[in-house]
Amino acid sequence: MTNDEPAAAGLEAGIRLDFREEMSYGDYLHLGELLGAQHPRSQPAAHDELLFIIQHQTSELWLKLLLHELVGAREGLRTDDIGLALKRLARVKNILHTLTDQWAILATLTPSEYLSFRDSLASSSGFQSFQYRAVEFILGNKNSGMLQMFVQDPMAHQQLTGYLTSPTLYDEFLAYLSRHGQPIPASITERDVTQAHQFSPELVDTFKVIYAAPAEHWSLYETCEALVDVEDAFQFWRFRHLKTVERMIGNKTGTGGSSGAAFLRKALDRTFFPELYSVRTALD
């Protein structure tokens, strides 16, 4: 259509229809690449494999945004902008809720439907998601041994190394507390950040003071609860993953070699912010 041609019937006259020299919605979102990235491998083609691929691709997109917001929240704490950190943590919670809700779609996949294409996955597994590992690293579950899995992918290996060697979200919160007059042991503020955080009874005492007088320490109290909200949301996501896997394959071994549901069940015992849970027991 040229500029001299009339608008399509029923459309407002100002609506653009000619994008030969303008950027369109599809151009901005690279929809050609995005919608062309689904390549089912099953032969004969299994109808339900497309669902499996799209579920995991969309999860990776949400993980990308989740990392972006967690890094932003960490930066807010590092620069003493706690309001910005709280804003970004609120978004993190909602992303995790969306990721959790997505499992309901995959749960419509029956065992027989999944088995119709499971062999096409070969040794690939969500266990190998470097973005998931990065989320765990920035939240505190650091494990340098995981880097070996990504040696063949320099970009992923480099990004994960960066998250391994930089402070976690919790590290930056504890550093923030220290800068604002709370008693945080030097053994924590100066710890080796490539290691996972270890439970500290001294931190429970610090949080007990904050929780005992929330009005007096409101911004700190609010941030503590925001972190608990994030961990709760993350654990619900883990749990929904476990129940979906159990529903689809029972106790079969995972395609990537893990023990499957048993491995996911053990992950539910991990906590990122242990003192924020222990303080509840310590309160009088």
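How near do the axes of helix H10 (residues 201-212) and H11 come, and at roughly what angle do they cross? Keep that in mind while you get your bearings; we will select both helices shortly. Please note that what you have open is a predicted model.

**Stop 1: the whole chain**

Start with a cartoon view of everything. The protein has 13 helices and zero strands, so colouring by helix number is a handy choice. Reading from the N terminus, the elements run α-α-α-α-α-α-α-α-α-α-α-α-α. The C-alpha trace spans about 70 × 55 × 35 Å along its principal axes.

**Stop 2: H10 and H11**

Now select residues 201-212 for H10, then add residues 218-249 for H11. Here is the reply to the opening question: the two axes come within 9 Å and cross at roughly 115°. H10 and H11 are therefore roughly perpendicular to each other. Their crossing is left-handed.

Show side chains where the two helices touch. From H10, pick Phe-207, Ile-210 and Tyr-211; they meet Leu-220, Tyr-221, Cys-224 and Glu-225 in H11. By class, this contact has six nonpolar residues, no polar ones and one charged residue.

**Stop 3: H6 against H11**

Keep H11 on screen, hide H10, and select residues 130-139, which make up H6. The axes of H6 and H11 come within 13 Å, crossing at roughly 150°. That makes H6 roughly antiparallel to H11. This crossing is left-handed.

Which residues make the contact? On H6, look for Tyr-132, Val-135, Glu-136 and Leu-139. On H11, their partners are Val-230, Phe-234, Trp-237 and Arg-238. Sorted by class, the residues of this contact are six nonpolar, no polar and two charged.

**Stop 4: H3 and H4**

Next, select residues 49-78 for H3 and residues 82-106 for H4. In general, two packed helices are described by the angle between their axes and the distance between the axes. For H3 and H4, the angle is about 165° and the axes are 8 Å apart. That makes H3 roughly antiparallel to H4. The crossing of H3 and H4 is left-handed. Their contact brings together 19 nonpolar, eight polar and three charged residues.

**Stop 5: the largest pocket**

Leave H3 and H4 visible and switch on a surface. The largest pocket has a volume of about 1,500 Å³. To find the middle, select Phe-52, His-56, Glu-60, Ser-125 and Gly-126, which lie nearest its centre among the 47 lining residues.

Which elements give two or more residues to the lining? They are helix H2 (31-35), H3, H4, H6, H11 and helix H12 (261-267). The largest share, eleven residues, comes from H3. Colour the lining by class and you should find 21 nonpolar, 18 polar and eight charged residues.

**Stop 6: two backbone details**

Finish with the backbone in sticks. Most residues other than glycine have a negative phi, and most peptide bonds are trans. Two spots here go the other way.

Select His-30, which lies in the loop between helix H1 (25-29) and H2. Although His-30 is not a glycine, its phi is positive, at about 50°.

Then move along to Gln-43 and Pro-44. Is the peptide bond between them cis or trans? The bond from Gln-43 to Pro-44 is cis, with omega near -5°. Pro-44 is found in the loop between H2 and H3, and from there you can step back to H3, the helix that gives the pocket lining its largest share of residues.

How values were computed. Residues numbered from 1 in each chain as written. Predicted model: local features only at pLDDT ≥ 70, side-chain atom pairs only at ≥ 80, totals over all residues. Heavy atoms only, no water. Axes fitted to C-alpha atoms, helices over the stretch in contact; angles between N-to-C directions. Helix = DSSP H or I, 4+ residues; strand = E, 2+ residues; numbered from the N terminus. Parallel < 35°, antiparallel > 145°, perpendicular 65-115°, else oblique. Left-handed = near helix turned anticlockwise from the far one by under 90°. Contact = heavy atoms within 4.5 Å. Nonpolar A, V, L, I, M, F, W, Y, C, P; charged D, E, K, R; others polar. 1 Å grid on protein atoms, 1.4 Å probe; cavity = no way out; pocket = protein on both sides within 12 Å on 5 of 7 lines; lining within 4 Å. Points joined across faces, edges and corners; volume = space filled by probe spheres on them.
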